[in-house]
Structure formats: C-alpha cells, structure tokens
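Colleague: I'd like to learn how to read this one, feature by feature. Could you give me the general idea each time and then the case in front of us?

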Amino acid sequence: MNVAIAPSPQVKVWDLPLRLFHWCLVAACGTALVSGFLLNANWLSLHIWAGGFILALLGARMVWGLTGPTYARFRNFTLAPSTAIAHVKDILNGTVHREGGHNPLGAWMVTFFFIALTLVCLSGLGLLGGMFKQGPLKAYLSFATGGLLREPHELLAWLVLMLVAAHIGGVVFESIRSRENLARAMVTGKKVKGFIPAAHDFAARPTLALAIIAVAGAAIGWAAISANALPAWGVRQVTANSAWQEECGDCHMAFHPTLLPATSWQGIMTSLDDHFGEDASLPASTAAAISDYLRANSAETSDSLAANVFRKMSETRPLEITQTPFWLRRHEHIPEATFKAAPVNSRQNCAACHGDATAGTFAPQSISIPKETVK
Amino acid sequence: MKTGTVLAALCVVGLTMPAMAGPREDILQGYASAAKSADAGFTGFDAARGKTLYGQQNTASAESPSCASCHSASPLEPGKTRAGKIIDPMAVSATPDRYTDAAKVEKWFGRNCNTVLGRDCTAVEKGDFITYLSSL
C-alpha cells in the first residue's frame, strides 16, 4: 500500500463533448437553481436562458447518446434492476468492481436527471407562456393553465436539487470506496486501467451527431421563434383612446384599462368629483366616452399577467391598484423613500420603474428602479 | 421713408390696444366683466392678491392645502401632482401657453378651487391669479 507512487496507467473513458456537456449542465443548473430559488424576478431573463440552455444540452446529449463513443452511448447504460440490486449487494458486502462508465446506480441517477430536468424545463416553459405570456408557448396556454404548472415546476426543481445532492454524495462515496477520484475523471476524462469495460464498443460518429444537432436545432429554433412571434393567448391589442389618454394622463399616467375590473372602473368614473381627495370632474360626455372605453377593455377582457393579478381587489379599497393584495406583496420590499423621491414621486407612477407599464404588460424583465435624482 | 412710416403706424397701434392682444387677455376680460357685474365697485385685478391666493394655506383638503402644494412654492418651477406627474410651471414667463385656452382654464379653476378651497373661485380671484402669474 505504501510503495512509491508510480503514475498509474490511465485510459480515456469520458470523451471531450461528454465532459463539456457535464460541466455546462452543472453551470446551467446552478444558474437556474440560484436564479429561481434565491434571486428576485429581475433575474427572470437569466433563469429563462439557463432553462433554455439546459434543454439544448439535454437535446445534444440525447444525440450523443446514440452517436457518441463507447461510454457516451445509452446502450452501455445498465438499467436492469437485477444489475442495480447486485451493485447494492456489492456495496453492502464490501466488494468493489470499478466500472469504465457509469456504475449501475450511476446509470439510474443519470436517467432520473434526464427525466427530471426535461420536466422542470418544460413546466417552466409552460408557466412562462401561460402566466407571463412570453416564450414559444404563449399563444397556446391561458394564465390559468400556466398557473397549474407553477407548483410542479417548483417541486421538480426541488427534486433536481435532491438529485444533485444524491449525485455528489454518490460520487464521493464511490470515489472513496473504489479509491479513484471520479470527479477528476470527469475533468480529465481518464480512469485508471483495470476497470470493467463496457459491454458494447462503439466508434464515435461526430459528423452524424453534428448534422443531426444542426438540423434538429434549426427546426426547433425556427419553430420556437415563429411561435414566440404569435399573439399571446387571450391578450388583445388595446388601442389607446385620446380622451382617456389626455384626461387621465393630466394628473397621472393613464392606467391601462386592463389593470382594473369593470366594477372598479365604474366606481372611479362615478366618483370623479372626489377622486382620491381631488376634484377631477369631467363633462358628462367626456366621462361617458372614457367609461365606455375602460369598460370595453377592463381586466375581464384580458388574460395578461397584470389583468389576472390585479383582478383580486382589496375589500376595503376596491378602486386602487396599489391596494390590491398582489401589488402590496410585490412592493413591500421597496422603501417609502424610493416612492417619494424623484423621479418616481409616487406609488401611482408605475412607468417610473416598469418600462412597459403604459402598455399594461408589466413583464418582470422590464423592471428597473431608477436612481434617485436631486432636483 | 416708407418703412419708417409703417413702423411709426405700428407703434401707435401697439400703444393704443394693449388690452385686446390675445386669448389670455380675452380670458381676463371675461373675468373682469363678470367681476364688474357681481360688484359695481370692481376696479381691476391685483397681482399681489393673486400671489396671496396662490400661497395661502387652506383647510378644505389635508392633502392639497394650497395651490403651491402641487404647483410648487415658486410658480417659476415645475410642480408635481399627488400622483407624481410633473406639472409645467404656472408662470407665463416659464410656460408661455398658460391661460390661453378658456375651457382648460375653467376646467382647472373648477376642479382645483373646489379641492383646495372647498368652493368655486370668484371671477376676481381667477383674474388676480392669472394677473399674478402673468407678472412674473
């Protein structure tokens, strides 16, 4: 045991594309998990890109599993339950068989990873499309359908986190047990000679792999971009009304009609002589025209994110967007001073921070709280 | 020689018709007539009274006790509505098209006098207000 450390003869097991895949996946999953669990909605773009990258990596790995060299091939993943049971028995009675590729439990691990990651990405894409009206599924899913995917997305993310823990635990355990640093092998690609070789030998077919990835990637990319250009489910284009724009916009931004339900608009338009403490009376004909416009385009007529979240009004102050439970929850971390200081000036000045507020969109990515300006 | 004659004529015209020069003067003229019919002793608008009206603290509204609360203490500076929207300065020298649209002027006197004073403004108050803000 304590003889001179002669360099042990090593053999290449993990090819370069496979190793790149592995570490890119680590980075993408890390980014997705951190941005999803720890960071706020401003990081949604990063989260979405990480998810998309994971899907692309999984797709490429699928191709490589059918075209890559020996240890990359799915053919050499031993998923037979009997093999897994035998492996567990080996662990229990201390027998060590070093494997060239994944050991039987490792193969199961990788399979679970594949399934869980695919599902977490697809559920994310679904809720992005339905709730946020973004991405390739926005034309096909309602806010309610997207909302159904929210909890599964989060549960699957927790599952991925548990799989990561199990994977790292398994690698450490097996590295100690087999006296071979398996993590380093995923960096160098080499394992010490003397392992059990894979059942089937394959030559890599990189040109075929690249061709499949290029064609499938182009097709999926084109489909995604085309779908992304479609109008979102249940969201009509609302044309601006000049009376609404001018009269409401005299004192504050003209709030998009989809931001309040019809009953709230009606309440506002019938109490303009005491409009939150101000007399904002209008000639009857102007008021009627604005009322018609607001009612025709109220929250009930839109499936947008904002129309959905602001539909639940405060029971005591049903006319105020800034008193809705959602608004309060989402703004509670913003200090009073930020609202008061220029250029925000008030809670009603949505457009100061929401770049797409006048259109009624309110995408998380469009939020940017401006720096205080000294007047 | 001809140019000199025209200029001289223009000067004479300009000096003799100062009160009927544009929409703002028309608006003031209208308030003056209303003031005279309400009180025969009305002698004219007063910028000093307008200044007092602009700056005074009233009790009708806790949120908007004064014109200056939204329009800023100095009429030469931009103001800000309670909802945070910037309002162009009230002084004509800073916002040249102020008090040139009669309907707009009436709309805002109607709303804001009611909010800040809790009543309509009189014709004298309106005229004083515009006179003050035209004098800065």
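Modeller: Let's begin with the vocabulary: helices are DSSP runs of H or I with at least four residues, strands are runs of E with at least two, and both are numbered from the N terminus. One caution is that this is a predicted model, where local features need pLDDT of at least 70 and side-chain atom pairs count only at pLDDT 80 or more, while totals for chains, interfaces and linings use all residues. Residues are numbered from 1 along each chain as its sequence is written, with chains lettered from A and ligands numbered from 1 in the order in which they are written.

Colleague: Then which pattern does chain B follow along the sequence?

Modeller: Chain B reads α-α-α-α-β-β-α-α, which comes to 6 helices and 2 strands.

Colleague: How many of the residues of chain B count as buried?

Modeller: Buried means that 20 or more other C-beta atoms lie within 10 Å of a residue's own; 12 or fewer is exposed, in between is partly exposed, and the C-beta atoms are placed from the backbone. By that count, 22% of the 136 residues of chain B are buried. As for contacts, two residues make one if their C-beta atoms, placed from the backbone, lie within 7 Å. Take the contacts in chain B with a separation of 6 or more: 53% of them join residues 24 or more positions apart.

Colleague: How do two helices in chain B pack?

Modeller: You fit axes as lines to C-alpha atoms, for helices over the stretch in contact, and take angles from 0 to 180 degrees between N-to-C directions. Helix α3 (residues 47-55) and helix α6 (residues 123-134) of chain B have axes 7 Å apart, at an angle of about 100 degrees. So α3(B) is roughly perpendicular to α6(B), going by these bands: 65 to 115 degrees is roughly perpendicular, under 35 roughly parallel, over 145 roughly antiparallel, and the rest oblique.

Colleague: Which residues meet there?

Modeller: From α3(B) you have B:A47, B:R49, B:G50, B:K51, B:L53 and B:Y54, and they meet B:E125, B:D128, B:F129, B:T131, B:Y132 and B:L133 of α6(B). That contact has 6 nonpolar, 2 polar and 4 charged residues. Here Ala, Val, Leu, Ile, Met, Phe, Trp, Tyr, Cys and Pro count as nonpolar, Asp, Glu, Lys and Arg as charged, and the others, Gly among them, as polar.

Colleague: At what angle do α10 and α11 of chain A cross?

Modeller: Helix α10 (residues 262-269) and helix α11 (residues 284-296) of chain A cross at roughly 165 degrees, and their axes come within 9 Å. That is why α10(A) and α11(A) count as roughly antiparallel to each other. The residues making this contact are A:A262, A:W265 and A:M269 of α10(A), with A:A287, A:I290, A:S291, A:L294 and A:R295 of α11(A). They divide into 6 nonpolar, 1 polar and 1 charged.

Colleague: How is chain A divided into domains?

Modeller: Domain bounds come from an automatic or database domain assignment, and here domain 1 covers 10-228 and domain 2 covers 242-366 of chain A. Their centres, taken over C-alpha atoms, are 45 Å apart. The contact takes 10 residues from domain 1 of chain A and 7 from domain 2 of chain A.

Colleague: And how many residues does each chain give to the contact of chain A with chain B?

Modeller: Chain A gives 12 residues and chain B gives 13. The side of chain A that touches chain B has 3 nonpolar, 7 polar and 2 charged residues.

Colleague: Which backbone details should I look at?

Modeller: Try B:S72, which has a positive phi of about 75 degrees although it is not a glycine. B:S72 sits in the loop between α4 (67-71) and β1 (79-80) of chain B, and it is partly exposed because 18 other C-beta atoms lie within 10 Å. B:Y99 also has a positive phi, about 60 degrees, and is not a glycine. B:Y99 lies in the loop between β2 (86-87) and α5 (102-116) of chain B, and with 22 other C-beta atoms within 10 Å it is buried. Over in chain A, the peptide bond from A:A342 to A:P343 is cis, with omega near 5 degrees. You'll find A:P343 in the segment after α14 of chain A.

Colleague: Last one: is A:N103 buried or exposed?

Modeller: A:N103 is buried, since 24 other C-beta atoms lie within 10 Å. A:N103 is in the loop between α3 (81-92) and α4 (104-130) of chain A. Leaving out residues up to four places away in sequence, A:N103 touches A:H87 and A:E174.
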